[in-house]
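Here is a short tour for anyone who likes to look at a binding site first and the backbone afterwards. Please keep the viewer open as you read.

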Amino acid sequence: MSSAKMRRDDVSSTLAMNELVVQMRDSGRTVFHMGFGEAPFPAHPRLVNALREHSAQKRYLPVAGLPALRAVVAEHYARLAGINTDDYDVMVGPGSKTLLFALQMCIPGDVLLPVPSWVSYAPQAALLKQNVIPVELELSETGLSMDAGVLRQAIVQARANGLAPSKMILNYPSNPTGLTASDAALASIAEVCRAEKIILIADEIYGRLAYDHRYRTVASHLPESTVITTGLSKHLSVGGWRLGVSLIPKAATGLFDDMCRVASETWSCVSTPIQYAAIDAYQEHADIEDFVRTSTDIHACVNRYIAGKLRALGAECHTPQGGFYNWPDFTKQLGDVCGTSDELAHRLLDEHGVATLAGSSFGERPDKLCLRLSGCDYDGKTALELWPALGKNADEFVARAAPNVVAALAAIEDFVAKLSR
Ligand SMILES: Cc1ncc(COP(=O)(O)O)c(C=O)c1O
């Protein structure tokens, strides 16, 4: 079975899990939602006002995006990421997911994917009839990295097998692991990609949610052939606004034009009022910057709390460094009683009402009992209100602001205790 085929089947299991949650809730059962990650905070009032102000804007915009928005995005990333954005073309798209698909389409050849990695990359490659070449990630308390020799060997072996690796998608902070990459790890990956002429697609959608508040980009190490994708969905909690951006290096000749061609024949342009409102999101207003900082601190508090509890149950779980996920591995503990991560996820849902996603949905070996837990099942407005008074005391804050998270962890504890008996 090709890797692409294997991953497509895994995504079906993800959808099956989603449907199961809906069915269970419809039948009156309580289900704790650690399966699906959506940033929980309210849309920032400044953005809501900007959207209201521009709601009468109704004309089609240029396919690459509103010029004023593209300009402010370039200025913002020059400051934030420390790259020379004059060397990039900015493109606005309907969510970074669509941009990632279009990029995979416009960079012909096969895709190197870290294991584990986000659920949609491989199905996108499968839709495009491109092959997936898996490359193992190394996960540790210092973050995620990739052994240069392993990466080089994967490329060489793929070529020997008649595949044509042309690009790699790298995501940090990462969904599903919650870890990010150090500058040294990014530099090492960039060096191999430069030598092997691999274009890096840097999925930095969680880039502003690094818990140490440092923005990292592999583009500082490989400016000429790194395409950055990002957007508003995660750090500004407005996934439904569908505003993604991409910075496309001018040195990747023809890529921006090809992306514009895809855009012009498919989405035409992102919703016009949203593009006008998004200008404010990139102007670094103090209130929006504070909001991003506080949201990040809350994600850090809740997700580190989850990691601590999972470790106390005996799971292997690294302390998350960004975004809103945990990636516990129960293999040592439950490997004798549970065959696959999919079985583990289904039993946890059926028997204890906790929705998670199986590690196999992220390209991980099915018999490695990893789960991806999303730490977002709480009311973001309440959390923001409680944070100033309770933020210093994680246990009390999580108990008051995120009772479902506490209840879900208690249910996982019961489940693990039952299986380990
Ligand atoms: C790793 C990763 N990349 C990209 C996306 C897509 O985000 P959007 O299309 O909302 O920009 C997501 C959303 O879940 C994600 O987790």
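How far does a polar side-chain atom of Asn175 lie from an oxygen atom of the ligand? The distance is 2.9 Å. Please bear in mind throughout that this is a predicted model.

## Around the ligand

Asn175 has company in its contact with ligand oxygen. Tyr206 places a polar side-chain atom 2.7 Å from an oxygen atom of the ligand, while Lys97 approaches a ligand oxygen with a backbone N or O atom, at 3.0 Å. Of the accessible area that the ligand has on its own, 400 Å², the protein covers 91%.

If you would like to select the whole shell, it holds 13 residues. Those that come nearest are Ser96, Asp203, Tyr206, Ser233 and Arg242. By character, the shell divides into 4 nonpolar, 5 polar and 4 charged residues. As for the site itself, the ligand sits in the largest pocket.

## Two cis peptide bonds

Now to the backbone, where a little background helps: most peptide bonds are trans. Two prolines deserve a look with that in mind.

Val115 and Pro116 are joined by a cis peptide bond, with omega at about 5 degrees. To find Pro116, go to the loop that runs between strand 3 (110-115) and helix 5 (121-127). Tyr172 and Pro173 are also linked by a cis peptide bond, and here omega is about -20 degrees. Pro173 belongs to the loop between strand 7 (165-171) and helix 7 (183-196).

## Positive phi angles

Most residues other than glycine have a negative phi. Lys197 is not a glycine, yet its phi is positive, at about 55 degrees. You will find Lys197 in the loop between helix 7 and strand 8 (199-203). Is Lys197 buried or exposed? Its relative accessibility is 70%, so Lys197 counts as exposed, the cut-off being over 50%.

His213 also has a positive phi without being a glycine, with a value near 60 degrees. The loop that holds His213 connects strand 8 and strand 9 (226-231). Because its relative accessibility is 28%, His213 counts as partly exposed; that class lies between the limits of 20% for buried and 50% for exposed.

## Buried loop residues

Three further loop positions are worth a click. Gly95 lies in the loop between strand 2 (88-93) and helix 4 (96-106), and with 0% relative accessibility Gly95 counts as buried. Measuring tools in your viewer should find Gly95 and Ala154 30 Å apart, C-alpha to C-alpha, with their positions 59 residues apart in sequence.

His285 occupies the loop between helix 9 (272-281) and helix 10. Why does His285 count as buried? Its relative accessible area is 18%, and buried means under 20%. The side chain of His285 also makes a polar contact with the side chain of Arg46, at 3.5 Å.

Ala315 comes after helix 10 (286-312), in the loop that leads to strand 11 (325-326). Ala315 is buried too, at a relative accessible area of 6%. Along the chain, Ala315 and Leu334 are 19 residues apart, and their C-alpha atoms are separated by 9.3 Å.

Key. Residues are numbered from 1 along each chain as its sequence is written. This is a predicted model: local features need pLDDT of at least 70, side-chain atom pairs count only at pLDDT 80 or more; totals for chains, interfaces and linings use all residues. Side-chain values use heavy atoms; hydrogens and water are left out. A residue is near a molecule or strand if one of its heavy atoms lies within 4 Å of it. A polar contact is a pair of N or O atoms within 3.5 Å; within protein, one must be able to donate a hydrogen and the other to accept it, and residues adjacent in sequence count only if both atoms are side-chain atoms. Accessible areas come from the Shrake-Rupley method with a 1.4 Å probe; for residues, only the protein chains shown count as cover. On a 1 Å grid over the protein atoms alone, a cavity is a set of points where a 1.4 Å probe fits but cannot get out, and a pocket is an open set with protein on both sides within 12 Å along at least five of seven lines; lining residues have an atom within 4 Å of a point. A molecule sits in a cavity or pocket if more than half of its atoms lie within 2 Å of its grid points. Ala, Val, Leu, Ile, Met, Phe, Trp, Tyr, Cys and Pro count as nonpolar, Asp, Glu, Lys and Arg as charged, and the others, Gly among them, as polar. Helices (H or I, at least four residues) and strands (E, at least two) are DSSP runs, numbered from the N terminus. Buried means under 20% relative accessible area, exposed over 50%, partly exposed in between (1.4 Å probe, protein chains only).
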